[in-house]
Amino acid sequence: MPSVYEDVLNRAKNGLARPGADATYADGDDHSWMQIDWPSLSRDLEVDGRMVHVVDTGGSGPPLLFLHGLGGVWQNWLLNIAAFKDTHRCVTFDLPGFGQSEMPEGDISIPGFARAADAVCEQLGIDCPVVIGNSMGGFVGAELAISFPTRVDKLVLVSAAGLSTEYVKAEPVLATARAWAAVITRMGSQSDAFLRRPRGRRIALQAVVRYPEKLSVPLAMELSRGAGSPGFNEAFRALLSYSFRDKLDRIQVPTLIVWGRNDILVPVEDAERFEHLIGENAHSVIFEDTGHLAMLERPRRFNELLAGFIAGERAPEAGVEGVSA
């Protein structure tokens, strides 16, 4: 196994050497989410004595539960909820300590986030959703499937944390994360002007998005809402200190693992590791020329892939351009 330094260097080379975005990159339709009356779909639920901000499109369609990552907010799923809301009941929420959700009463933990997800489903009367989680949200989704196995119908892990993070020494990484969070918070306070410039979007989002300058200004501004969330440092510590490697074979539901080939934050090799550890019910696919947020960088491809997986297709990536198993 390479050293931490070698791993970081390899990821940086993989992520920062950019040939240039193709015509299908960042092909989401802003109109699809900007025309939705999101406040009418939003509410606050009390979970363990604290308020959790929830978005629920309602309806009688099969439920989908979307879980955002570290530094993210529910808006990370705008282009995906907009695509599925007419056929599915789409639910998402700001994890405790992020976005508009209050900090939890106790310490932040990955099992605690999973309990919060279970509680949100319980209060909304949702028995068995397809759970889709990105980064730390994938970590939480997998933990939900392990700890509450009857809660999850199918599982989608998008550049999920939880494996390679085991080998990162916590304190230096946490110090770097705190400094990064402080910079992002400062930029967030000036985001309107900063993110309107392509170079500003690249500086702010290069770690998570392959071609940040290609994102629309409205979408980049929505992503910046996660800047400075009070739970960031504590959640990062929880992410680095919790391991579920030896429990992943307990996940018995169909599992789709999605990764960007050029993910800087979580190595693409983790896709194969998740697939191996979960077992025969897991299937991994790779998005070429894509970073950490495949669902926003390649929304049309991601939504097509997700629709096929939900429908039960054995190879949902078949016919999807730029995706390989």
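Which elements do the buried residues of helix 5 pack against? There are strands and helices among the partners: strand 3 (63-67), helix 4 (110-124), strand 5 (130-134), strand 6 (154-158) and helix 10 (232-241). Keep in mind that we're looking at a predicted model here.

**The overall picture**

The protein comes to 13 helices and nine strands. Of its 325 residues, 53% are buried. If you take the contacts with a separation of 6 or more, 76% of them join residues 24 or more positions apart. The accessible surface is about 13,900 Å², and carbon and sulfur atoms own 51% of that.

**Helix 5 and its surroundings**

Back to helix 5, which runs over residues 136-147. Eleven of its twelve residues are buried, so the rest of the structure largely encloses this helix. The buried set is Met136, Gly137, Gly138, Phe139, Val140, Gly141, Ala142, Glu143, Leu144, Ala145 and Ile146. The length works out as well: with 1.5 Å a residue, the helix should span 16 Å, and its end C-alpha atoms do sit 16 Å apart, which agrees.

On the way into the helix, you pass Ser135, in the loop between strand 5 and helix 5. Ser135 has a positive phi of about 55 degrees, although this residue is not a glycine. Its relative accessibility is 10%, so Ser135 counts as buried.

On the way out, there's Val152, in the loop between helix 5 and strand 6. Val152 has a relative accessible area of 2%, under the 20% cut-off, so this residue is buried. Leaving aside neighbours within four places in sequence, Val152 is in contact with Cys128, Pro129, Val131, Leu144, Ala145 and Val253. Two of those names, Leu144 and Ala145, also appear among the buried residues of helix 5. As for Pro129, it lies 23 residues from Val152 along the chain, with 5.6 Å between the two C-alpha atoms.

**Two loops elsewhere**

Asp48 makes a nice counterpart to Ser135. Asp48 lies in the loop between strand 1 (42-47) and strand 2 (50-56), and has a positive phi of about 55 degrees without being a glycine. Is Asp48 buried or exposed? With 64% relative accessibility, Asp48 counts as exposed, whereas Ser135 counts as buried.

Then there's His88, in the loop between helix 3 (78-84) and strand 4 (89-93). At 12% relative accessibility, His88 counts as buried. Not counting residues up to four places away in sequence, His88 touches Thr57, Gly58, Gly61, Pro62, Leu64 and Ile310. Thr57 is 31 residues from His88 in sequence, and their C-alpha atoms are 8.4 Å apart.

**Helix 13**

Ile310, one of the residues that His88 touches, is also one of the buried residues of helix 13. This helix covers residues 299-310, and its twelve residues reach 16 Å from first C-alpha to last, close to the 16 Å expected at 1.5 Å a residue. Nine of the twelve are buried, so helix 13 is largely enclosed by the rest of the structure. Those nine are Pro299, Arg301, Phe302, Asn303, Leu305, Leu306, Gly308, Phe309 and Ile310. Just after the helix, Gly312 takes a positive phi of about 90 degrees.

**Strand 8**

Ile286 belongs to strand 8 (residues 282-287). Ile286 counts as buried because its relative accessibility is 10%. Setting aside neighbours within four places in sequence, its contacts are Trp259, Arg261, Val268, Ala271, Gly322, Val323 and Ser324. Between Ile286 and Asn262, 24 residues apart along the chain, the C-alpha separation is 9.7 Å.

Here are the C-alpha distances side by side:

| Pair | Apart in sequence | C-alpha distance |
|---|---|---|
| His88 and Thr57 | 31 residues | 8.4 Å |
| Val152 and Pro129 | 23 residues | 5.6 Å |
| Ile286 and Asn262 | 24 residues | 9.7 Å |

**One cavity**

How many cavities of 30 Å³ or more does a search of the whole structure find? Just one turns up, and the space in the largest cavity is about 40 Å³. Ten residues line this cavity, and the closest to its centre are Gln206, Val209, Arg210, Asn262 and Gly291. By class, the lining has four nonpolar, five polar and one charged residues. Asn262 is the residue paired with Ile286 in the table.

Definitions and conventions:
Residues numbered from 1 in each chain as written. Predicted model: local features only at pLDDT ≥ 70, side-chain atom pairs only at ≥ 80, totals over all residues. Heavy atoms only, no water. 1 Å grid on protein atoms, 1.4 Å probe; cavity = no way out; pocket = protein on both sides within 12 Å on 5 of 7 lines; lining within 4 Å. Points joined across faces, edges and corners; volume = space filled by probe spheres on them. Nonpolar A, V, L, I, M, F, W, Y, C, P; charged D, E, K, R; others polar. Helix = DSSP H or I, 4+ residues; strand = E, 2+ residues; numbered from the N terminus. Expected span 1.5 Å × (residues − 1). Buried < 20%, exposed > 50% of the residue type's maximum accessible area, 1.4 Å probe, protein only. Contact = heavy atoms within 4.5 Å. Areas by Shrake-Rupley, 256 points an atom, 1.4 Å probe, with all protein chains shown as cover.
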